[in-house]
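User: I would like a close look at a single part of this protein, namely its open sheet, and at how that part sits within the rest of the chain. Please take it step by step and keep to what can be read from the model.

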Amino acid sequence: MKLKFMSQVKENDTVKVHYTGKLKSGQIFDSSLEREPLEFTLGQGMLIPGFEKAVIDMKVNDKKTVDIPVAEAYGDIIKELFHKVEKTQLPPEMEPAVGLGLASRDAQGNEHQFRIVEVNEDHVILDGNHPLAGQELVFDLELVEIK
């Protein structure tokens, strides 16, 4: 009989993972099941900390469900990232609506993403937080490959 060592995920490994991300309510916000699994290298800060932490020590074909607290997901909602913008500052062809996304560049050329969260007669309120900020998340994970 030939035995094979079952390796476990460790820091700096490159892995492929199928996942389904849900809110605590059960609403699915993202899933890789209908496409290629997510490939990433641990320790590069490409993913939220709780997701990376959950993959550590998994073996190929392992499946698990993890709850990721706000602090290890997209963090708390930051009130300073809400901005009141006069409608005259919006592109003239734009019809402002709640949920509409906008992008803006700062003086250093960095792009920032915003969502309209409130529309008033003469202004809109923009939110620069990540759409999942302030949310505890649940992920169903399946480790497909350790490269």
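Analyst: What follows begins with the chain as a whole, turns to the open sheet, and ends with the salt bridges.

The model is a predicted one, and its secondary structure comes to one helix and nine strands. Read along the sequence, these elements follow the pattern β-β-β-α-β-β-β-β-β-β. The radius of gyration of the chain is 20 Å, well over the 15 Å that the globule rule gives for 147 residues, so the chain is more spread out than a compact globule. Taken along the principal axes, the C-alpha atoms fill a box of roughly 75 × 35 × 30 Å, and buried residues make up 34% of the 147 residues.

The open sheet is formed by four strands in the order S5-S8-S7-S6, with antiparallel pairing. Strand S5 (82-86) and strand S6 (101-105) stand at its edges, and each has a single partner strand, so one side of each is left without a neighbour in the sheet. Neighbouring strands of this sheet are turned by 40° against each other on average, when direction is ignored.

Within the sheet, strand S7 (residues 111-119) and strand S8 (residues 123-127) pair in the antiparallel sense over four bridges, and Ile 116 stands opposite Leu 126 in S8. A salt bridge also joins this pair of strands, since the side chains of Arg 115 and Asp 127 meet at 3.2 Å, N to O, with Arg 115 in strand S7 and Asp 127 in strand S8, twelve residues apart. The two partners differ in their cover: Arg 115 counts as partly exposed at 24% relative accessibility, whereas Asp 127 has a relative accessible area of 6% and is therefore buried, the limit for that class being under 20%.

Strand S7 also holds Val 117, which counts as partly exposed at 33% relative accessibility. Together with Ile 77 and Phe 82, Val 117 makes a nonpolar surface patch of about 230 Å².

Outside the sheet, the loop between strand S4 (63-68) and S5 contains Pro 69, a partly exposed residue with a relative accessible area of 39%. Measured in sequence terms, Pro 69 and Leu 38 are 31 residues apart, while their C-alpha atoms are 21 Å apart in space. The salt bridge between Lys 53 and Glu 72, whose closest N and O atoms are 2.7 Å apart, links helix H1 (residues 49-55), where Lys 53 lies, to the loop between S4 and S5, where Glu 72 lies, 19 residues away. Of this pair, Lys 53 is exposed, with a relative accessible area of 52%, and Glu 72 is partly exposed at 24%.

The structure holds eleven salt bridges, and one of them brings together the side chains of Lys 24 and Glu 136 at 3.5 Å, N to O. Lys 24 lies in the loop between strand S1 (14-23) and strand S2 (28-31), and Glu 136 lies in the loop between S8 and strand S9 (137-146), so the pair ties together parts that are 112 residues apart in sequence. Both partners are partly exposed, Lys 24 with a relative accessible area of 48% and Glu 136 at 32% relative accessibility.

Note on methods. Residues numbered from 1 in each chain as written. Predicted model: local features only at pLDDT ≥ 70, side-chain atom pairs only at ≥ 80, totals over all residues. Heavy atoms only, no water. Pairing = 2+ DSSP bridges. Helix = DSSP H or I, 4+ residues; strand = E, 2+ residues; numbered from the N terminus. Axes fitted to C-alpha atoms, helices over the stretch in contact; angles between N-to-C directions. Patch = residues over 30% accessible without salt bridge, like charges linked within 9 Å, V, L, I, M, F, W, Y side chains within 5 Å. Areas by Shrake-Rupley, 256 points an atom, 1.4 Å probe, with all protein chains shown as cover. Salt bridge = Lys/Arg side-chain N within 4 Å of Asp/Glu carboxyl O. Buried < 20%, exposed > 50% of the residue type's maximum accessible area, 1.4 Å probe, protein only. Rg over C-alpha atoms; globule rule 2.2 N^0.38 Å.
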